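Dear colleague,

I am handing over the structure we spoke about, so that you can go through it at your own pace. Below it you will find my notes on what was found, chain by chain and then ligand by ligand.

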Amino acid sequence: MTSAANPSPRGLGVRLWSWRYFMLRRLSQFGILLLFFGTAHWGWQVAKDVPLLIGNLSASEFVGLFPMADPFATLQIFVTGHLLQQKVIIGALIVLAFYALVGGRVYCAWVCPVNLVTDLAGWLRQRFGIPAPTYLGRNTRYFVLAASLVLSALMGVAAFEWVSPIGMMQREIIFGFGLGFQALLAIFLFDLLILKHGWCGHLCPLGAFWSVVGRRTAQVRVRFDKTTCTHCGDCAKVCPEPQVLNLKRLEEVGYVYSGECSNCGRCTPVCPEGSLRFDLRPLIRRHNIEAGKGHEQ
Amino acid sequence: MAEANVTRRDFLVKLAQGTSLAATGAFLWAHLLRQEARAQPYALRPPGALSELDFNAMCIKCGQCVTACPYDTLKLAPAGGGIPIGTPHFTPRKVPCYLCPDIPCMNACPTGALSPELKNINDSRMGLAVIDIENCLSWKGLRCEICHRECPLKGKAITLETHPRQLSKHAMFVPLVHSDACTGCGICERACPTQEAAIRILPHNLVQGKIGEHYRLGWTFETEITQDFKPAAPAAPAAPAEVPKQAPGMDYLNQGL
Ligand code: SF4
Ligand code: SF4
Ligand code: SF4
Ligand code: SF4
């Protein structure tokens, strides 16, 4: 994806290296689905009657010890006024804590299967220069997020879980196919022809939920080095959420602070100056101060 | 001034557009939910499932029950399948529930949609077996009785009763289901040899009636006899009836013999 945007002739090794995050993300996305699938269909287990990873992305149990659950789904069930069992609540807290630390939307770029579809649509759109005919505010997703919770309370069922294309896709991959692909096709065409980054960047309430989580707590962030940045804008061209790369704000803060950043790692390899790097948040300030000094010398 | 008016009008138009978009979306969404959640009374749920509305609200659609079931009984409903999306259910004619004593499906459920209050698998009530007596072989007079023999609660959930035959003095043996013991496991439905099963599991609310509180079944022990139904105080003793001279079996045809 990144090499298409940067056509300079380079060796294969360098090209592959610049695709490293892309490949790791696909590995992570397919790997997680494979663990679920293997446990469901081939009975993968770590010991007798201890399944490896049972369930799916909505709720699961890892090696019989760690429950996990989608905190957004759990929250929706909670607002319908039903008392959930401890296991799913603990699972939701574990998952919440994990993403609060690594960055909420890490889920989007590294786990969510729908991201495979929307990335493909985004790539094709860029490749064939499909124009963007519609406009929709990126904050629409927060409205959809609120609507999910209100509708859950009113209708007595988890409103987003009952229509979620993410749920359909992963369930149907893990447990067998139905008509869920229609919803995915709709998202694909919507992203490809109607609205650029339409679903993940504007509408998905789960993405919105994860944007809110980890907005302040995320410890893995993209560091920005203002001393080397030449304002070429290559990063914003590949970023699916370009508003997070507002260079002016980045110069003040020193890293990509917005919760809407999914740590996908598209921007870091394309920056010709190496001004963008993954880093741990506590170390960023020191790095930036040192970089500033080095530049002055 | 004119410019300000234009931007203001723009703003109002945008606002109206946004609001109507949001309202349309929300109504469509609510409609979809109602379609999915409310209109499907046919799903047979795993053991321990809460009542349909609570179950629909609680189940997080994780499929852990599906994987935990050793017989591959349970399936997660795919999109567009006519059963609330992503929830577990089973089709007894394909694979019934074999009533595992350790209830692995319920124990795998993280939410409590399959309630841990179910301690004994025989207390589960997934549905109720219903017999189509027009197509049951036993009701035709054959000695099928397979459902009775296969039933894990034979003698309690399904009993064999005698029933008079039209053309023969020998009685028929016909199966009868008892709702106080039938778990709805569907082993009978799986076993029934007719082309389409003559015994089927249906959700209780589709087949079970309700008498209503106002009927007092005075002859059952639990029913209290109220004032209205108390027999009137005994009347003054009547004159003793005349004792017939003949045994009652001796009718008039035999008189004078
Ligand atoms: S925005 Fe939604 S669909 Fe897109 S990757 Fe994130 S969770 Fe998945
Ligand atoms: S009781 Fe056993 S056979 Fe029946 S659904 Fe549960 S796991 Fe499957
Ligand atoms: S384990 Fe429980 S929450 Fe998960 S699909 Fe089965 S019934 Fe639903
Ligand atoms: S198995 Fe079927 S045909 Fe045989 S007695 Fe039972 S209901 Fe009738």
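How many helices and how many strands does the secondary structure of chain A come to? The answer is 16 helices and 7 strands, and I should say at once that the model is a predicted one. Chain A has a radius of gyration of 20 Å, close to the 19 Å that the globule rule gives for 297 residues, so chain A is as compact as a globular protein of that length. Taken along the principal axes, the box filled by the C-alpha atoms of chain A is roughly 60 × 40 × 40 Å.

Of the 297 residues of chain A, 51% count as buried, and among the contacts in chain A with a separation of 6 or more, 70% are made by residues 24 or more positions apart. The accessible surface of this chain is about 14200 Å², and 67% of that surface belongs to carbon and sulfur atoms.

Chain B has 7 helices and 6 strands, and its elements follow one another from the N terminus as α-α-α-β-β-α-β-α-β-β-α-β-α. In chain B, buried residues make up 36% of the 257 residues, while residues 24 or more positions apart account for 63% of the contacts with a separation of 6 or more. The surface that chain B exposes comes to about 16600 Å², with 58% of it supplied by carbon and sulfur atoms.

The ligands

Ligand 1 sits among residues of chain A, including Arg105(A), Tyr107(A), Trp199(A) and the cysteines Cys108(A), Cys112(A), Cys200(A) and Cys204(A). Four helices of chain A, namely H6 (106–110), H7 (114–127), H11 (198–203) and H12 (205–212), each supply at least two residues of this shell, which by class holds 9 nonpolar, 2 polar and 1 charged residues.

Around ligand 2 there are 13 residues, of which the closest are Cys69(B), Cys97(B), Tyr98(B), Cys100(B) and Cys105(B); the shell divides into 12 nonpolar, 1 polar and no charged residues. The surroundings of ligand 4 include Cys136(B), Cys144(B), Cys147(B) and Cys192(B), together with Pro175(B), Pro193(B) and Glu145(B), and here the division is 9 nonpolar, 1 polar and 1 charged.

The cysteines

How many disulfides are there over all chains? The count comes to 0, with a pair of sulfur atoms being required to lie within 2.5 Å. For Cys151(B), the closest cysteine sulfur is that of Cys185(B), at 6.2 Å, which is too far for a bond. Cys188(B) is likewise in no disulfide, since the nearest cysteine sulfur, again that of Cys185(B), is 6.1 Å away. Both of these cysteines count as buried, Cys151(B) at 12% relative accessibility and Cys188(B) at 6%.

Individual residues

Gln76(A) lies in helix H4 (residues 71–79) of chain A, and it is buried, with a relative accessible area of 0%. Leaving aside neighbours within four places in sequence, the contacts of Gln76(A) are with Leu149(A), Ser152(A), Ala158(A), Ala159(A), Phe160(A) and Glu161(A). By C-alpha atoms, Gln76(A) and Leu136(A) are 25 Å apart in space and 60 residues apart in sequence.

In chain B, Ala49(B) has its place in the loop between helix H1 (2–38) and helix H2 (52–58), where it counts as partly exposed at 26% relative accessibility. Not counting residues up to four places away in sequence, Ala49(B) touches Phe55(B), Ala113(B) and Leu114(B), and its C-alpha atom is 14 Å from that of Leu76(B), 27 residues away in sequence.

Finally, two backbone angles may be worth a look. Most residues other than glycine have a negative phi. Asp49(A), however, has a positive phi near 60 degrees; it is found in the loop between strand E1 (45–47) and strand E2 (50–51) of chain A and is exposed, with a relative accessible area of 61%. His197(A) has a positive phi near 50 degrees, and its place is the loop between helix H10 (180–194) and H11 of chain A.

With best wishes

Notes
Residues are numbered from 1 along each chain as its sequence is written. Chains are lettered from A and ligands numbered from 1 in the order in which they are written. This is a predicted model: local features need pLDDT of at least 70, side-chain atom pairs count only at pLDDT 80 or more; totals for chains, interfaces and linings use all residues. Side-chain values use heavy atoms; hydrogens and water are left out. A residue is near a molecule or strand if one of its heavy atoms lies within 4 Å of it. Ala, Val, Leu, Ile, Met, Phe, Trp, Tyr, Cys and Pro count as nonpolar, Asp, Glu, Lys and Arg as charged, and the others, Gly among them, as polar. The radius of gyration is taken over C-alpha atoms; the globule rule is 2.2 Å times the number of residues to the power 0.38. Buried means under 20% relative accessible area, exposed over 50%, partly exposed in between (1.4 Å probe, protein chains only). Contact means heavy atoms within 4.5 Å. Accessible areas come from the Shrake-Rupley method with a 1.4 Å probe; for residues, only the protein chains shown count as cover.
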